[in-house]
Amino acid sequence: QLQLVESGGGLVQPGGSLRLSCAASGDTLNYYAIGWFRQAPGKEREGVSCISARGGSTNYADSVKGRFTISRDIARNMVYLQMNSLKPEDTAVYYCVGLRRDALSLFRYCVLSESEYAYWGQGTQVTVSS
């Protein structure tokens, strides 16, 4: 069973950068679409970004396009979220999530729909404040 552990969160000033890491164990990420979701206090959880199991296609929420970049390192079984030009509204708990693909859907485009993802990490706090 896939297990996901996030790290890299913290306090950063507006305009700063952070890189979140997601370490996977229990299975190889080669068969999973991986995403990042976030939840701010008092708000609904929202999809931030995802990357397909194969082929490297990505998807981003409009609110982070051009500022965030998702990537994966299959050899290390890791996924990253590089966050630049951070804003106070990016403050949230960030979750790494996984969706197991079958052999026929490995290259399928990923979507930012919470119900798609069966595997969730425990979350890491990101606070953007001066």
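Okay, let's start with one pair of residues: Glu-6 sits across from Cys-22, which belongs to strand β3. Before I go on, please keep in mind that this is a predicted model.

So, which strands are we in? Glu-6 is part of β1, where the side chains alternate. Leu-4 and Glu-6 point to one face and are buried, while Gln-3, Val-5 and Ser-7 point to the other face and are not buried. Val-5 has a bridge partner in β3 too, and that's Ala-23. Taken as a whole, β1 and β3, the latter covering residues 18-25, pair in the antiparallel sense over five bridges.

Now follow Cys-22 over to its other side. Its bridge partner in β8 is Val-79. Strand β8 covers residues 78-83, and six bridges join it to β3, again running antiparallel.

Put those pieces together and you get an open sheet of four strands, in the order β1-β3-β8-β7, with antiparallel pairing. Which strands stand at the edges? Those are β1, residues 3-7, and β7, residues 68-73. Each has a single partner strand, so one side of each is left without a neighbour in the sheet. As for the twist, neighbouring strands here are turned by 15 degrees against each other on average, ignoring direction.

Okay, on to charges. Side chains of opposite charge can pair when their charged atoms come close. How many salt bridges does the structure hold? Seven. I'll walk you through a few.

Take Asp-27 and Arg-100, whose closest N and O atoms are 3.5 Å apart. This one links distant parts of the chain: Asp-27 is in the loop between β3 and β4, Arg-100 is in strand β9, and they're 73 residues apart. Asp-27 is partly exposed, at a relative accessible area of 26%, and Arg-100 is partly exposed as well, at 42%.

Then there's Glu-114 with Arg-45, a salt bridge at 2.7 Å, N to O. That's another link between distant parts, 69 residues apart: Glu-114 comes from the loop between β9 and β10, Arg-45 from the loop between β4 and β5. Glu-114 counts as partly exposed at 32% relative accessibility, and so does Arg-45, with a relative accessible area of 29%.

Next up, Asp-90 and Arg-67, meeting at 2.8 Å, N to O. Asp-90 lies in the loop between β8 and β9, and Arg-67 in the loop between β6 and β7, so the pair ties together parts that are 23 residues apart in sequence. Buried or exposed? Asp-90 is buried, at 0% relative accessibility, and Arg-67 is buried at 10%. These two also belong to a network of salt bridges that takes in Arg-38 and Glu-46.

Last stop: Arg-101, in the loop between β9 and β10. Arg-101 is buried, yet has no salt bridge. How far away is the nearest side chain of opposite charge? That's Glu-116, and it is 4.6 Å away. A salt bridge needs the nitrogen and the carboxyl oxygen within 4 Å. What Arg-101 does have is the backbone oxygen of Tyr-109, 3.4 Å from a polar atom of its side chain. Leaving out neighbours within four places in sequence, Arg-101 is in contact with several residues, including Tyr-31, Ala-33, Ala-53 and Cys-110.

That's my tour, thanks for listening.

Definitions and conventions:
Residues numbered from 1 in each chain as written. Predicted model: local features only at pLDDT ≥ 70, side-chain atom pairs only at ≥ 80, totals over all residues. Heavy atoms only, no water. Helix = DSSP H or I, 4+ residues; strand = E, 2+ residues; numbered from the N terminus. Buried < 20%, exposed > 50% of the residue type's maximum accessible area, 1.4 Å probe, protein only. Lys, Arg positive; Asp, Glu negative; His and termini not counted. Polar contact = N/O pair within 3.5 Å; in protein donor to acceptor, adjacent residues only side chain to side chain. Contact = heavy atoms within 4.5 Å. Pairing = 2+ DSSP bridges. Axes fitted to C-alpha atoms, helices over the stretch in contact; angles between N-to-C directions.
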